Amino acid sequence: VCRARSMAIVINRVKRLLQQSSSILSRHQPVCRRVESSGSLLPSITTVTVPRSREKSTDAAAVSRPPTLRRALMYVPAADERKTQKAAGLKVDTIIFDLEDGVAVNQKENARRLVRSAVANCRRPGSVSANAEVVVRVNGVESGMLHQDLDALFSHQGSHDPGSSSHDHKGGSPDAIMLPKVESVEHLLELDISLSFHRGPAHQPLPLFVLVESPLGLLNLREVCALGAEKARHLQITAVVFGSDDYLARVGGIRTKDAREVLFARQAVVTEAKAFGLDAIDLVDIDYKDLDSLRLQAEEGARMGYTGKQVIHPAQVPVVQQAFSPSRGQVTWASGIIRAFHQHQESGKGAFVYEGHMIDRPLLLQAMNIMHRADADQL
């Protein structure tokens, strides 16, 4: 009887949230931007006017907010206690404890038992990973295992003070979760409802990484990002991650060294993510011993506009984090353009020549992006 009542509540909630999502999607309007010059250096150069549901949806808006460093995102199988202990010694931006593909079915329960202590271990004062972002990849909505994962992660929060936020606690609760195999808004809505049961209604929305791994997921990514940007009641999309190997399996493609076969999908993912002001995380290079190839692929992803890249081996971390950090030459170029821009603005000039190249506002925004990433590297 209790199960039937719970299911009835869930069904009614889904209907209401579906109606809300239709309303959200109907409110999307073209974005209007007004760019003004000022005498200060970076953020105040740009003024952005956007609809509330798209308040992070322009390149100028993305430039004006300080980025969170997500250059290398390291997967660690949560069922492997030796590897979870080693994770505390990783100097990496983001650690992802995996409850999904990296864990055999007969080890799922063991992984759930270990994952909170693994998260807490990474936060020990003095550990190398103490300042790393810690994420848990749960099993997908269609797997039938999502609720067990959320229960293992968040059931303790039901006893918290109703006025507390999800960011007030540390310990064994992750900074964010990653939902794999997202193919529709309905998947996001089911997760939203599940979080309300497992975390309680009073917590702040939980940051979410959306993993796109299929053609359908790619086609529906815009609607998924739109719902997440509006802030579903219990989650907030912060990053979109491209799962290239599952994607290729679904389209019948074959993985190659240069990844040309996923070029369209890579560009589509970064375009949709950045349109909503979200971080975009590039594909895994499964040949973890070939660091030269990894460097080329990571640099290519950075040029495309990706924020960072997934990694599966500690040796890949420094290579990727360097590739997604501005070089000294890039910083020199960017700071020079910004100084020259202000000088020419004061003299009433718009476009100008800098080191033999014609510079206008789009290149200024690129320079600002570089300087913001360089600033984040220093934090």
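In this predicted model, the largest nonpolar core takes in 71 residues. Those with the most contacts inside that core are Phe97, Ile177, Leu191 and Leu208. Take Ile177 as an example: leaving aside residues up to four places away in sequence, it touches Val135, Val136, Leu150, Leu153, Phe154, Leu191, Leu195, Leu206, Pro207, Leu208 and Phe209. There is also a second, separate core, made up of 14 residues, with Ala334, Leu365, Ala367 and Met371 among them.

Phe154, one of the residues touched by Ile177, has a charged partner too. The charged end of Arg199 sits over the ring of Phe154, 5.5 Å from the ring's centre. As for rings meeting rings, the structure holds 1 aromatic pair. That pair is Phe242 with Tyr247, arranged edge-to-face, with 5.6 Å from centre to centre and 65° between the planes. Both Phe242 and Tyr247 are buried.

Now for the charged side chains. Side chains of opposite charge can pair when their charged atoms come close, and the structure holds 19 salt bridges. One of them joins Asp279 and Arg70, at 2.6 Å from N to O. This pair links distant parts of the chain, 209 residues apart: Asp279 belongs to strand E9 (residues 279-282), while Arg70 lies in the loop between helix H2 (59-64) and strand E3 (72-77). With a relative accessible area of 8%, Asp279 falls under the 20% cut-off and so counts as buried. Arg70, at 6%, is buried as well.

A salt bridge between Lys181 and Glu213 spans 3.9 Å, N to O. Here the partners are 32 residues apart, Lys181 in the loop between strand E6 (176-179) and helix H6 (185-199), and Glu213 in the loop between strand E7 (206-212) and helix H7 (215-219). The two ends have their own levels of exposure: Lys181 is partly exposed, with a relative accessible area of 34%, whereas Glu213 is buried, at 5%.

Lys257 and Asp287 make another salt bridge, their closest N and O atoms being 2.5 Å apart. Loops hold both partners, which sit 30 residues apart: Lys257 is found between helix H9 (244-251) and helix H10 (263-275), and Asp287 between E9 and helix H11 (291-304). Lys257 is partly exposed, with a relative accessible area of 45%, and Asp287 counts as partly exposed at 32%.

Some salt bridges share partners, and in this way Asp98, Glu100, Asp101, Arg137, Lys181 and Glu213 are joined into one network.

Methods: Residues numbered from 1 in each chain as written. Predicted model: local features only at pLDDT ≥ 70, side-chain atom pairs only at ≥ 80, totals over all residues. Heavy atoms only, no water. Core = buried A, V, L, I, M, F, W, Y, C linked by side-chain atoms within 4.5 Å. Buried < 20%, exposed > 50% of the residue type's maximum accessible area, 1.4 Å probe, protein only. Contact = heavy atoms within 4.5 Å. Phe/Tyr/Trp six-rings, centres within 6.5 Å; stacked < 30°, edge-to-face > 60°. Lys NZ or Arg CZ within 6 Å of the ring centre and 35° of its normal. Salt bridge = Lys/Arg side-chain N within 4 Å of Asp/Glu carboxyl O. Helix = DSSP H or I, 4+ residues; strand = E, 2+ residues; numbered from the N terminus.
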